[in-house]
Amino acid sequence: MTNLVWLRERGMGASILVAALSSAFGVVLIAATGYLGAILLADRFIGGSETLAVVVSIMTALLLGVAIYVAAIVTANTFATIVAGRVRNIALMRLIGASARSQRAEVARQGLIVGVIGAFLGLIAGTGAAAAGVGLGDAILDAPRLPFALVQPVLLVPAAIVVLTTWAAAWSGSRRVLSVTPLEALGGSVERTHSDLARRPVRNAVAVSLFAGGGALLALGIAVGLVTPLGVVVAFGGGLLSFTGLALGAHLIMPPVLRLVGRAFGPSATARLAAENGMRHPERSARMAIGVVMGVTLVTMFAVAIASTKAVFTATAGGELPEFMASLLDTFSIVMMALVGVSAVIAAVGLVNLLTIGVVQRRRELGLLRSLGLSNGQVRGMILLEAAHITVAALVLGLILGIAYGWAGAQSLLGSVPVVPGEQVSTFVLPALPIVPIAIVIGATAVLTLVAAVVPTRLATRVAPVEALAE
């Protein structure tokens, strides 16, 4: 039997949780879509609408795709951080004859196992949640529906996708293995510096190209949206490409942003140390921040898009929406925010996990700081400030991106809708900023900062300085 002791390694449990959340979310989405479809098909007025079925299927695919996209980036970042902490062990294996490719294949195999375990747990949990939801729906809605089979082969699809994406994310995150040399067996965990990362022309060029190409597609989607609502499809592709470019080049963008944010936390020694850590370890900082950026961007984007859509419908209705339409849009907004919130939870798990792994891998550094005179309270404060820097920087960037993407989505979808009734003239949709959802995002980010720092701050002071320096 394969040795699975490595599953106890810090970070693996959270990776399994991310895979389980993604799988369960997919199962619940598919089950909910089938259940709603059974109710709608039983309706004698809209039961034969093929358009409605297509729209529901597209929304399901998009939401599932977003959740898996977020999970893949979080998993890739987790494995990249784990590999950075294994540099010395990998170098020792290279020293006794192991190849870099065999070591990378081992990391990818571990990712596959993590994906299988998480997908299976998510499949079980998601099916149970879906069964409870169907029972609750039957009791509350009391609406006729066609026969609906909850357990069906299609539920295996999200689980299979999660397994494959987790394996691929582990393979992607383990590319650092290829550059580990046997000489590094004499050192410890080593993260690349900002200047080293700036000298990676291929990756940086790909990141810039994706971001620029995505921006061009966004602009094209907005232009197409002035003629037809299908512009939103083009804009969606542009948003996905541009954010992928941003995620790929986060190691160049986030450290300077973190340093700028760090200046707002004062000139104390702990605050300055926390701010400079972002520049000393740019990859680690970028991995932590990009997940939060994704979560904030997604929630803000949907909130702005829905609020802008409501504003346009209000204008076309002569300044006041009918009560049933307002209620429908509000309900849709709540449902969408709850669904997108799953992706934000996945990103939050990634931040907590990566911050914890980072503290474990920096035991020697933290031990040196304590031996130089920093108290336990100052070390805890430094870790808390690092979490605060990351979440504040990610919040600001996520809000900016979310507002931009949300406006682009609303504009590309509704640009061809005349704001003034009776005038068939394309117009620009002004972005609407929903205060309550944005306030909730800011409050949730503050809570995330405190939660993310709980375990790391305890770990940072648990080991004596002499023991940490001896590692």
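Me: I'd like to start with burial. How many residues does the chain have, and what share of them count as buried?
Reply: Burial tells you how little of a residue's surface is left accessible. Here, 46% of the chain's 471 residues count as buried. Keep in mind that this is a predicted model.

Me: Okay, and what is the chain built from, in terms of helices and strands?
Reply: Counting those elements is a good second step. This chain has 16 helices and zero strands.

Me: How do I read contacts along the sequence? What share join residues at least 24 apart?
Reply: You set aside the short-range pairs, then ask how far apart the partners sit in sequence. Among contacts between residues at least 6 apart, 85% link residues at least 24 apart.

Me: Now a helix pair. At what angle do H8 and H11 pack?
Reply: For a pair like this, look at the angle and at the distance between axes. Helix H8 (residues 231-248) packs against helix H11 (residues 282-316) at about 155°, and their axes are 10 Å apart. Angles over 145 degrees count as roughly antiparallel, so H8 is roughly antiparallel to H11. The crossing of the two is right-handed.

Me: Which residues meet there?
Reply: From H8 come Phe 243, Leu 246 and Ala 247, and they meet Ile 290, Val 293, Met 294 and Thr 297 of H11. Sorted by class, that contact of H8 with H11 has six nonpolar residues, one polar and no charged ones.

Me: And how does H7 pack with H14?
Reply: Same reading, new pair. Helix H7 (residues 201-225) and helix H14 (residues 376-414) pack at about 30°, with axes 7 Å apart. Angles under 35 degrees count as roughly parallel, so H7 is roughly parallel to H14. Leu 218, Gly 221, Ile 222 and Gly 225 in H7 meet Tyr 405, Trp 407, Ala 408, Gln 411 and Ser 412 in H14. The contact of H7 with H14 splits into five nonpolar, four polar and no charged residues.

Me: Last topic, cores. Which residues touch the most other members of the largest nonpolar core?
Reply: Think of a core as a network and look for its best-connected members. The largest nonpolar core has 60 residues, and Val 70 and Phe 243 touch the most other members. H11 gives the largest share of this core, 13 residues. Phe 243 is also one of the H8 residues in the contact with H11.

Me: What does Val 70 touch?
Reply: Leaving out residues up to four places away in sequence, Val 70 touches Met 294, Leu 298, Ser 343, Ile 346 and Ala 347. There's also a second, separate core of 15 residues, including Trp 6, Ile 16, Ile 90 and Val 114.

Key
Residues are numbered from 1 along each chain as its sequence is written. This is a predicted model: local features need pLDDT of at least 70, side-chain atom pairs count only at pLDDT 80 or more; totals for chains, interfaces and linings use all residues. Side-chain values use heavy atoms; hydrogens and water are left out. Axes are lines fitted to C-alpha atoms, for helices over the stretch in contact, and angles run from 0 to 180 degrees between N-to-C directions. Helices (H or I, at least four residues) and strands (E, at least two) are DSSP runs, numbered from the N terminus. Angles under 35 degrees count as roughly parallel, over 145 as roughly antiparallel, 65 to 115 as roughly perpendicular and the rest as oblique. A crossing is left-handed if the near helix is turned anticlockwise from the far one by less than a right angle, and right-handed if clockwise. Contact means heavy atoms within 4.5 Å. Ala, Val, Leu, Ile, Met, Phe, Trp, Tyr, Cys and Pro count as nonpolar, Asp, Glu, Lys and Arg as charged, and the others, Gly among them, as polar. A nonpolar core is a set of buried Ala, Val, Leu, Ile, Met, Phe, Trp, Tyr and Cys residues joined through side-chain atoms within 4.5 Å. Buried means under 20% relative accessible area, exposed over 50%, partly exposed in between (1.4 Å probe, protein chains only).
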